[in-house]
2 protein chains.
Amino acid sequence: MKKVYVSDTPQQTGKTVALYGWVSNLRDHKKIVFIDLRDSTGIVQVVGDEKFKNLHPEDVVKIEGTVKKRPEKLINKKLLTGEIEIEAKSFEVLSHAETPPFDMGKESLDVTLPTLLDYRSLTLRHPKVSAIFKVQEKVIDSFREILKEQGFREFQAPILVPAQAEGGAETFAVEYFDHKAYLGQSPQLYKQIMLGVFDKVFTVTHAFRAEPSVTTRHITEYISLDAEMAFIESWEEIMDTAESVVKKIIETVEESCSKELQLLEAVLPKVSEKFPRLTLTEAQDIIFERTKRDVRKEPDLSPADEDEICKWANEQHGSELVFITHYPTSKRPFYTYPDPKNPELTLSFDLIGRGIEWITGGQRINDYKQLVSNLKKWGDDPANYDVYLQAFKYGMPPEGGFAMGAERITMKLLNLANVREAALFPRDMERVDVRLSKKSKKS
Amino acid sequence: MKKVYVSDTPQQTGKTVALYGWVSNLRDHKKIVFIDLRDSTGIVQVVGDEKFKNLHPEDVVKIEGTVKKRPEKLINKKLLTGEIEIEAKSFEVLSHAETPPFDMGKESLDVTLPTLLDYRSLTLRHPKVSAIFKVQEKVIDSFREILKEQGFREFQAPILVPAQAEGGAETFAVEYFDHKAYLGQSPQLYKQIMLGVFDKVFTVTHAFRAEPSVTTRHITEYISLDAEMAFIESWEEIMDTAESVVKKIIETVEESCSKELQLLEAVLPKVSEKFPRLTLTEAQDIIFERTKRDVRKEPDLSPADEDEICKWANEQHGSELVFITHYPTSKRPFYTYPDPKNPELTLSFDLIGRGIEWITGGQRINDYKQLVSNLKKWGDDPANYDVYLQAFKYGMPPEGGFAMGAERITMKLLNLANVREAALFPRDMERVDVRLSKKSKKS
C-alpha cells in the first residue's frame, strides 16, 4: 500500500493509501468517528467506525483508508486537504500518548507564552507553530544560497572563545578544565580572520549574549547569519550585498512558503528595488520634521525613532526596510572603519525594518596598528585578541561585512509579537527549556 | 580593467587583468623580481621590474599586468597556473605585513603542529591548509544536500542545555546568571524531539566534550552532522540512509575537489556498492580467525580491532568502510533500542573506516515508560530530561538516526595524521586558540 504524506492525499483521490501521523482531534458521532490526522505536512480528516473510539489525542497511528472527495457542502476551505477525506479501513497504534494538558486540535493553540514554552516538545507540533520553523529553514537556506551564488564560502566559526571580548559584560563564562573560556558573542573576529583564507565568507552559527533583562526582542542564544567580504573598493558594496540577501530571503519565503504564510496570516514586508539609504543625521532631521520630536543630538535611534523612519520609508519609497548609515564612532565596536571625511562617524550601517534592526554591518579597520590602538582606546586588552590581531599583523585587505539574527528576521517577516515564538528552544535569563526558578541555584 | 581570480588567469592569456592577493614568495633576480601571488583560488607567478623589490611576504597587493604564455621549458606542471605568468605593469600595496615567522611561500609548510596552531590565522592561508577546509565545506554541503533530497528538514539545535546528560563527566558547565547551564554533548535529544514536528530532520551543529586527554582523534568542540528519521519500519533503513550519505560525500568530494585532492596527494576511500555489515560477534570471530587474538568476549572493538576489520572489508569486499552492528546494551546510551531477539544487544551500529569510527547510530526507544525506567537504570535522573521525555509522553513514532563529526570525516578522507589539522580553530584541553598555559588559571 502506498505510504503518503497528508499534503499529497488530494492527488490520490480514489486510491487506498497508508498514512502515518498523530491524532490531532477526535469527534465521536456515535456510529462514526471523525479524526483530524496530523503529519509534518498538514492535517486531513479521517472517517472511521466505532473501533476508532479507542484512539486518543496525540496517539501515533498508521491509518489505511481510501481517499474520497467530500460532498460539495462539506468542503472545508480552511484546510488544504479540505476537498477530500479518508474513509478509514484500519488503524494501528504505533505509540500511545497521555492526555495533553490543552487541546492540540484547535485551529490556534489557546495557551499563554509560558505554557507554549513549558510544553515546547508538544506545542512545536501544532501546524501554526511548526509553520514558523518551515519559514525559518527557508530564511537560512536562502541566505546560504544567494551568498554561494556570489562566490562566498561557508565556514564553521567556533563557539568557545579564549577571552571576554568587547567589554565582556554580556559574556557567558565556561568552566574549561582548570581555566575559563567564554561563549562567542558573535563570529565577528573569526569571519574577519577567514578573509585571509577565502576572500568572501559566511557562517551560520550560534551566538550568545548574557542579556540581563527580559524583552520581546532578546534571547541569550541565537542563530547568527554572518557574512564578510574582502577586497572591497567601496563600503557601499557591503550594503549592496546585504540588500541582495534580504531581497532573496523575502522572495524565497514568498515563493516557497505560501501555505505557511496563509496559515499564519502573515504579509511579507514590501520592499523597493533599492532600499532607501539615509545617514543617521538625515534620519533624525526627517523625524524632527515629521514629529517635532528633536532627536538630532542623539547618538542612536530609539525604538520610537525606528518606527517613525520605517513609516517614512514606506510612505516615501514604498519600502518597509531602510538603511541608516554613519553611526557615531563612540557607539560602534573598536574595529569599525571611521569615515575619512569625519572620523567622529563610521562607515557603518543598520538595516531597519518594521521598527527594529534587521542587520548591522559596515567596513572594518584592516590596519594592525590602528586596531591595537583602538582596542586600548575602547578599554580592552589587545592580549585578549591574539589570534585576531595576528591576521592583521600579516596583511589583511580592505573589508567589511554584516550580520543578522535568524530568529529576529523570522519574527519580523511573520509579524510575531515575541522573538521567543521564532526560536525553537528559546533561552533567556529565566529559562533553558525548563524554568530556572525550578532548578536549584548554583552552589 | 578586469578583476580576475588567480585560478581564472590561464583563460585570460593575452589580456591585461587586475589581481588581488598576498605576496606568497618573492625571488629577487636583480633587474626582475618573481613573485608568487596567492589568492583564495591558487598561486600564480608574477614578473615585475625593480620597483617590485619594495614588496614583502604577506603584503596584500593589487597587481595589474598581462597574462603571458610561458616558454615550453619554463612550464611548471605542479602549479595549476603553471603554463602562464603575469607580466606586471604596476602594483599597489593595500596592506603592509610584518615578516612572517616562517616561510609561507614553501610548497609545504615546514612547521610543527604546535606552530601550525599558534599561528593559525596565518597558516590557514597556506594552499595546503586552506584546501582541507575547501574539502570540509563540501563534506557538510553534501551531507545537507543528500538529506534534503530525501525529504529531511534542517533545524538548528540549541547549544546551551539545562542539565548534564549521560553521566555528565565530560560536560562543560556554563555560568548562567545565578544558575548553571551546560554545553550540549550532542544534539541527540533535540533531534529526537524534532521528529514530533518534522518526520525526518538533520542539523549541522557544534558539540562539546570535555575530553580530559590529548589524542590525535579528539577535540573538545566539533561540528556534529546529525540526522534522525521517524516512522521507520526496520532499523536497517537508518543504515541505508547513513550509507547513502557517506557515498554522496565521497562522490561530491571526488567530483568537486580534484584540485585539492591532488594538492594534498589524498586518495579517497574505496567503497563497495553496499558496505559490508557485520555484527560485533561476527567481526570478533573474523579478527580471531585472522590474527588469533581472541577478542570475542570484549564489549567493543579496540583501535587494533578496527584496523583489522577494515583490512578484512577491503580485502574481501573492496570497501574501506564497514558497518558493525549489535553492540551490547551496557555499552550504549539509555535510549538505544534493544534487539527483540536478545535484549542484551542493541539495534545499533558504527560505521568504521580506515581504522576509526566515522558514524554511530541506531534505532531509539520510543516508549515513554521504557525511557524513564532506563534512565534510572543508567544512574541518571529523569528530572534532567524534562523536555525530552515530554516528547515521548505525548506520542513518538518508531525512529532512529545517526551522527558523524565533520572534522573526523575530513581527517580520514584526506588521511591526515591529526584531527586538529581538520579543525579550523581546534580546541583541546591545552588550547583555545592560544595555549592555555599562557593564560592565568581561573580563580
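How many of the eight residues of helix 11 (residues 406-413) of chain B are buried? Eight of the eight, so helix 11 of chain B is largely enclosed by the rest of the structure. Keep in mind that we're looking at a predicted model here.

## Helix 11 and its cover

Let's stay with that helix for a moment. The buried residues of helix 11 of chain B are Ala406(B), Glu407(B), Arg408(B), Ile409(B), Thr410(B), Met411(B), Lys412(B) and Leu413(B). What sits over them? The cover includes three strands, namely strand 17, strand 18 and strand 19 (399-405) of chain B, along with strand 12 (221-230), helix 3 (127-149) and helix 5 (236-256) of chain B. Following helix 11 of chain B you'll find Asn415(B), with a positive phi near 55°.

## The eight-stranded sheet of chain B

Several of those covering strands belong to an open sheet. In chain B, eight strands line up in the order 7-11-12-19-18-17-14-13, and the pairing is mixed. The edges are strand 7 (153-154) and strand 13 (277-279) of chain B, each of which pairs on one side only. At one of these edges, strand 7 of chain B runs parallel to strand 11 (residues 200-208) of chain B, joined by two bridges. Arg153(B) has Val201(B) in strand 11 of chain B as its bridge partner.

Now for the helices around it. Helix 8 (residues 303-317) of chain B lies across strand 14 (321-325), strand 17 (348-353) and strand 18 (356-364) of chain B, and makes an angle of about 75° with strand 17 of chain B. Helix 8 of chain B also packs against helix 7 (residues 280-291) of chain B, at about 85° and with the axes 10 Å apart. Angles from 65 to 115 degrees count as roughly perpendicular, and therefore helix 7 and helix 8 of chain B are roughly perpendicular to each other. On the helix 7 side of chain B, the contact uses Ala283(B), Ile286(B), Ile287(B), Arg290(B) and Thr291(B), and these meet Asp305(B), Glu308(B), Ile309(B) and Trp312(B) in helix 8 of chain B. Sorted by class, that contact has five nonpolar, one polar and three charged residues.

## The strand 9 region and the other chain

Next, the hairpin. Strand 9 of chain B pairs with strand 10 (179-183) of chain B in the antiparallel sense. Two residues lie between the strands of this hairpin, and Phe177(B) takes a positive phi near 50° in it. Is Phe177(B) buried, partly exposed or exposed? Being buried takes 20 or more C-beta neighbours, and Phe177(B) has 18 inside 10 Å, so it counts as partly exposed. Strand 10 of chain B is another story: four of its five residues are buried, so it is largely enclosed by the rest of the structure.

Here's how the pairings around strand 9 and strand 10 look:

| Strands | Sense | Bridges | A pair |
|---|---|---|---|
| strand 9 and strand 10 of chain B | antiparallel | four bridges | Glu175(B) opposite Lys180(B) |
| strand 8 (residues 160-161) and strand 10 of chain B | antiparallel | two bridges | Val161(B) with Tyr182(B) |
| strand 9 (residues 173-176) of chain A and strand 9 (residues 173-176) of chain B | antiparallel | three bridges | Glu175(A) opposite Ala173(B) |

The last row takes us across the chains. In contact are 74 residues of chain A and 74 residues of chain B. Helix 10 (residues 386-393) of chain A gives the most to the side of chain A that touches chain B, with five residues. That side of chain A divides into 41 nonpolar, twelve polar and 21 charged residues.

Val174(A) is worth clicking on. Leaving aside its neighbours within four places in sequence, Val174(A) is in contact with Leu160(A), Lys180(A), Ala181(A), Tyr182(A) and Leu183(A), and also with Phe172(B), Val174(B) and Leu183(B). The largest nonpolar core has 253 residues, and those touching the most other members are Val174(A), Val322(A), Val174(B) and Val322(B). In soluble globular proteins, nonpolar side chains tend to be buried together.

## One more positive phi

Over in chain A, Glu58(A) has a positive phi near 75°, and this residue isn't a glycine. Glu58(A) sits in the loop between strand 4 (42-48) and strand 5 (60-69) of chain A. Is Glu58(A) buried or exposed? Glu58(A) counts as buried, because it has 24 C-beta neighbours inside 10 Å.

Notes
Residues numbered from 1 in each chain as written. Chains lettered and ligands numbered in written order. Predicted model: local features only at pLDDT ≥ 70, side-chain atom pairs only at ≥ 80, totals over all residues. Contact = placed C-beta atoms within 7 Å. Nonpolar A, V, L, I, M, F, W, Y, C, P; charged D, E, K, R; others polar. Pairing = 2+ DSSP bridges. Axes fitted to C-alpha atoms, helices over the stretch in contact; angles between N-to-C directions. Core = buried A, V, L, I, M, F, W, Y, C linked by C-beta atoms within 7 Å. Buried ≥ 20, exposed ≤ 12 C-beta atoms within 10 Å, placed from the backbone. Parallel < 35°, antiparallel > 145°, perpendicular 65-115°, else oblique.
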